[in-house]
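The following paragraphs go through a protein chain by way of its loops, sheets, helices and side-chain contacts. Please keep the sequence and the coordinates open while reading.

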Amino acid sequence: MPGGRDSTIVKLEFSSGASVSPPQAFTVLKNKGIQVKEIEMLQALAARNTYDLKFRSDAARVKGVSCLKGAEGLTVTPYYRSVAVTVLYLNFEVDQRLVARVLSQYGTVSDMQWCKYGSGELAGIFNGKRQCRMELDRDIPSFLFRGGLV
């Protein structure tokens with residue numbers, strides 16, 4: 001589990017323009033087939049319309065994520081499979097879309113960006129690393145070779 005997060009916790013993000021209260025979030029969960037007895041905790045986070053949802057078991061989490069998959073206006077991210085991925089030693093000329101496409105065979109890629117030096121004389125200059133957030137479907141190998149490139 002990256003970050004030491006409990007595998008039964010998922011992040012819920014409601015994209016509604018209006019504020020989503022905990023009772024409204026529970027209503028959405030119940031309407032999608034999740035029973036209250038399967039839920040251990042629903043905690044509002046600092047980000048608006050964002051909650052941590054803790055299921056009582058891994059089996060309940062698997063069922064719950066399946067029930068919520070594709071729910072309009074709701075993004076569900078299991079923490080134990082959401083990771084930051086850093087791409088190293090790849091030519092600067094390789095397009096970000098190609099990197100995202102290669103990584104997408106291992107899960108959903110979001111927030112692909114170039115990394116920069118953070119301080120000193122080089123602050124703000126790209127350092128050649130790329131980083132993204134991914135929801136993994138399967139493990140990524142330590143090294144990938146594409147088109148003769150690492």
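Tyr89 is found in the loop between β5 and α3. The model is a predicted one, and in it Tyr89 has a positive phi of about 60 degrees although it is not a glycine. Is Tyr89 buried or exposed? Its relative accessibility is 71%, and because exposed means over 50%, Tyr89 counts as exposed. Asn49 is another non-glycine residue with a positive phi of about 60 degrees. Asn49 lies in the loop between β2 and β3. With a relative accessible area of 6%, Asn49 is buried.

The loop of Tyr89 leads from one sheet to a helix, and that sheet can be taken next. What is the order of the strands in the open sheet of 3 strands? The order is β5-β7-β6, and the pairing is antiparallel. β5 (82–87) and β6 are the edge strands, each pairing on one side only. From one strand to the next, the twist averages 25 degrees. β5 and β7 run antiparallel and are joined by 6 bridges. Within this pairing, Ala84 has Arg133 in β7 as its bridge partner. Helix α3 (residues 96–103) lies across β5, β6 and β7, and runs at about 140 degrees to β6.

A second open sheet has 4 strands in the order β2-β3-β1-β4, and here too the pairing is antiparallel. β2 and β4 stand at the edges of this sheet with a single partner strand each, so one side of each has no neighbour in the sheet. On average, neighbouring strands are turned by 20 degrees against each other, direction ignored. In general, the strands of a sheet pair through backbone hydrogen bonds, either parallel or antiparallel.

The pairings of the sheet can be followed from one edge to the other. β2 and β3 run antiparallel, joined by 5 bridges, and Ile39 stands opposite Phe55 in β3. Strand β3 (residues 50–55) also pairs with strand β1 (residues 9–14), in the antiparallel sense and over 5 bridges. Leu12 stands opposite Tyr51 of β3. On to the other edge, β1 pairs with strand β4 (residues 74–78), again in the antiparallel sense over 5 bridges. The bridge partner of Val10 in β4 is Pro78.

Two helices lie across strands of this sheet. α1 lies across β1, β2, β3 and β4 and runs at about 135 degrees to β2. α2 lies across β1, β3 and β4, at about 150 degrees to β4.

Charged side chains come next. How many salt bridges are there? The count comes to 5, and three pairs are described here. Glu38 and Lys63 meet through their side chains in a salt bridge, at 3.1 Å from N to O. This pair links distant parts of the chain, 25 residues apart: Glu38 is in the loop between α1 (22–31) and β2 (39–44), and Lys63 is in helix α2 (residues 58–68). Glu38 is buried, with a relative accessible area of 14%, whereas Lys63 is partly exposed at 32%.

Helix α2 also holds both members of another pair. The side chains of Asp58 and Arg61 meet in a salt bridge with an N to O distance of 3.7 Å. Both residues lie in α2, 3 residues apart, which is about one turn of the helix. Asp58 counts as partly exposed at 37% relative accessibility. Arg61, at 8%, counts as buried because the limit for that class is under 20%.

The third pair is Glu13 with Lys11, whose closest N and O atoms are 3.9 Å apart. Because the salt-bridge cut-off is within 4 Å, this distance still qualifies. Glu13 is partly exposed at 29% relative accessibility, and Lys11 is partly exposed at 23%.

A nonpolar group on the surface remains. Which residues form the nonpolar patch? Tyr117, Leu122 and Ile125 form it, and together they have about 270 Å² of accessible area. Ile125 lies in the loop between β6 (107–116) and β7 (126–136). At 44% relative accessibility, Ile125 counts as partly exposed.

Note on methods. Residues are numbered from 1 along each chain as its sequence is written. This is a predicted model: local features need pLDDT of at least 70, side-chain atom pairs count only at pLDDT 80 or more; totals for chains, interfaces and linings use all residues. Side-chain values use heavy atoms; hydrogens and water are left out. Two strands pair if DSSP finds at least two bridges between them. Patches are made of residues with over 30% relative accessible area and no salt bridge: like charges are joined within 9 Å, nonpolar side chains (Val, Leu, Ile, Met, Phe, Trp, Tyr) within 5 Å. Accessible areas come from the Shrake-Rupley method with a 1.4 Å probe; for residues, only the protein chains shown count as cover. Buried means under 20% relative accessible area, exposed over 50%, partly exposed in between (1.4 Å probe, protein chains only). Axes are lines fitted to C-alpha atoms, for helices over the stretch in contact, and angles run from 0 to 180 degrees between N-to-C directions. Contact means heavy atoms within 4.5 Å.
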